[in-house]
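This report introduces a structure to a reader who meets it here without earlier acquaintance. It takes up charged pairs, then a single loop residue, and then two places where helices pack.

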Amino acid sequence: MKASYELKNFWLVFLTGLLIFSLSGCTGGNDSQVQGYPIDSDVQTTDQRMLSFSMDFASNTTRLSQISQYDGWGYGIWQFGAALPVETRTTSATFGIMPDGYVVPALPPKAKLLNFFTFTDIHITDKEAPNQIIYLQQLDPTYSGTNTSIYSPVMMYTTHVLDAAIQTANALHKNNAFDFGISLGDTCNNTSYNELRWYIDVIDGKVITPSSGDHLGAGNIDYQKPYKAAGLDKTIPWYQALGNHDHFYIGSFPVDANATLGIRDSYISRTVWSRADLLIPLISPLVFPVMFNMENMTVGQQYYQGLIDGSTPLGNIIHAGEVGAPGFTEPPTVVADANRRSLLRTEWISEFFNTSSTPVGHGFNLVNPTQQSGFACYSFLPKSNIPIKVIVLDDTQSETDGSKDIHGHGFLDANRWAWLRAELAAGQAANQLMIIAAHIPIAVVKIGDETEWWLGDRTARPTDSWWTDSITTTDNAVTLAELVATLQNTPNLLMWIAGHRHLNTVKAFLSPDPTHPEYGFWQVETSSLRDFPQQFRTFEIYLNSDYTISIKTINVDPAVKAGTPAATSRKYAIAAQQIVQNNLRLNNPNPATVSAGPPVINLPSMDPTRPQAGPQFPAGNTNTDPTIIYGVAPGVPYNASYNAMLYKQLSPAMKAYMQAMFP
């Protein structure tokens, strides 16, 4: 069996390579003869102008795949609008973390300490892969209709948007040099080798062949044609964090947790796989907050999940329908492609050493060699003469945690938790200001939303603290309350930066002791490059004249040029938002109970820094976070961005250290 499997794999790799080699010959066979897609020469940020479009539509998720009708329905039409102001966040009056009475100094800053950018949730997608779950978006409007992560027309153009974003960062770099860039995870949509290589190769500036299998449409369809990526400016180092989509099937389930489900084999299969509607939440028996079971993908009516037909200009969905229905009595077939294979965590990390940009390894070269294989945490000093340390933290779930639920929660095992505490303590002792860069944010998500801090596979029940009950399965090494307390007890921590939710939320973690405002810190999220608003974010950190810290953070739209694939993606991203109308200005309540009862079932706090009140169900709880606010751009109907100047008080010891360094 093993010899036969290896022989088939050999021929699969050989034939795929031969096809790609032939395809390269059709485009000239070398970089100089493959054209790129330049961005617009007018590069501006959202504090200069915003994208403006109407949201005067009713949500109708059945229209999402009907791309040919978008123009007639008025979707995707936009123009430039007014600037989004930069909101100053200082004291409680502006929902900041500075002591009341603080006044921003009139004198200019002492020094500009750091300038960097973040991009995240790129979700580079092999839209021709045979093991997607595209059909669920059309089949199940109740639970999957608004889920643009499983289907949206933007999935055709993920590499092109990244290329435009990288060129935009290059343009900004010429006027205000970046010290580094960092990706906060979800490089891939589905753990595939080809998805990761497209991602790295775009940043490296290589020729991209954004198709797979039989490479349909590669000669004439815009989203399929090979092109030359511009590449990140070689003077900008970039670093990488791990996201859940980088090592779980569609960000949700461990690929090898249950071999009988056939997930790993499905990547390189020659048939489109069939699965049940696995995104129907578990209701009976109630096991809240465990909402899904991966094994349900094989239970009940099966559906061929479909893929994008690369030969069609609008990316028609093919091979999608009910198993056994007319036209689906046999599994639809595709050309298998070994480059679609799913990467193990260790393989994913190793690809970052195959790069022409810097640093080789993109941070994973800094992982302590004594750590176990696959460890994805490290720290670095962006500038040797500036006391700021970036702590890159893997806070995604483990492939071996035993959970059958969606793996989108925040999680630290004992090893990562010990490592983080040691990094914080070392930075504090060395008089280093610190930034934690992770994929998953903290204290902004309701229990049961599948992206909150993991409670283990516990089931809510009418006890005072069911979430602390002993369990025999894997548990989080640290509770959210313990984590936040540790962070607040690290006065040199400036902020936690994250992606994951595809939002641009900024949250203040107030000091638990008003006499020590230095225990407060910020959390800044960056939205996805895949879905609207398709932005990245810049950060400029200053030492002010009064030896406080200010952080200016600005959202940036890629400067897409009309007529390019990235411009088409922007149209589709706006159209998708107009159609599904997901809430991109989210501010979750902090409920005290699951419902009003009976029985009354208590909930742990989703944010230990503020009080709990009211039930989680039904919707309508108004106990939201006053520090999460969203700006308004005059005349812009809908805004999913946020620009701010965030202030942070230093401890007396750190202030004295900075005074000596910057007299």
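A salt bridge, as the term is used here, is a side-chain nitrogen of Lys or Arg within 4 Å of a carboxyl oxygen of Asp or Glu. The model to which this term is applied is a predicted one, and a search of the whole structure finds 24 salt bridges.

**Salt bridges**

Three of these pairs are described in this report, and the table gives the N to O distance for each of them.

| Acidic residue | Basic residue | N to O distance |
|---|---|---|
| D625 | K507 | 2.6 Å |
| D607 | K507 | 2.7 Å |
| E399 | R345 | 3.1 Å |

The side chain of K507 meets that of D625 in a salt bridge, and D625 lies in the loop between α10 and β20 while K507 belongs to strand β16, so the pair ties together parts of the chain that are 118 residues apart in sequence. K507 also forms a salt bridge with D607, and this pair again links distant parts of the chain, with D607 in the loop between α10 (565–580) and β20 (643–648), K507 in strand β16 (residues 506–509), and the two positions 100 residues apart. How buried or exposed are the residues that take part? K507 is buried, with a relative accessible area of 1%; D607 is buried as well, at 0%, and D625 is buried at 3%.

The salt bridge between E399 and R345 likewise links distant parts of the chain, since E399 is placed in the loop between β13 (388–393) and α8, whereas R345 is in helix α7 (residues 345–350), and the two are 54 residues apart. Of this pair, E399 is partly exposed, with a relative accessible area of 25%, whereas R345 is buried, with a value of 13%. Both residues belong to a network in which salt bridges that share partners join R345, D394, E399, D413 and R416.

**A loop residue**

R49 is found in the loop between α1 (2–26) and β1 (50–52), and this residue is buried, with a relative accessible area of 14%. When its neighbours within four places in sequence are left aside, R49 is in contact with D42, Q44, F80, G81, A82 and A83. The C-alpha atoms of R49 and L84 are separated by 6.7 Å, although the two residues are 35 residues apart along the chain.

**Helix packing**

Helix α8 (residues 414–429) packs with helix α9 (residues 480–488) at an angle of about 15°, their axes being 11 Å apart. Angles under 35 degrees count as roughly parallel, and α8 and α9 are therefore roughly parallel to each other; their crossing is left-handed. In this contact W417, L420, R421 and L424 of α8 meet E482, L483, T486 and L487 of α9, and by class the residues are five nonpolar, one polar and two charged.

Helix α4 (residues 158–175) and α10 offer a second case, in which the axes come within 8 Å and cross at roughly 110°, which makes α4 roughly perpendicular to α10. Here H160, V161 and A164 from α4 meet P565, A566 and S569 from α10, and the residues of this contact divide into four nonpolar and two polar, with no charged residue among them.

Note on methods. Residues are numbered from 1 along each chain as its sequence is written. This is a predicted model: local features need pLDDT of at least 70, side-chain atom pairs count only at pLDDT 80 or more; totals for chains, interfaces and linings use all residues. Side-chain values use heavy atoms; hydrogens and water are left out. Axes are lines fitted to C-alpha atoms, for helices over the stretch in contact, and angles run from 0 to 180 degrees between N-to-C directions. Helices (H or I, at least four residues) and strands (E, at least two) are DSSP runs, numbered from the N terminus. Angles under 35 degrees count as roughly parallel, over 145 as roughly antiparallel, 65 to 115 as roughly perpendicular and the rest as oblique. A crossing is left-handed if the near helix is turned anticlockwise from the far one by less than a right angle, and right-handed if clockwise. Contact means heavy atoms within 4.5 Å. Ala, Val, Leu, Ile, Met, Phe, Trp, Tyr, Cys and Pro count as nonpolar, Asp, Glu, Lys and Arg as charged, and the others, Gly among them, as polar. Buried means under 20% relative accessible area, exposed over 50%, partly exposed in between (1.4 Å probe, protein chains only).
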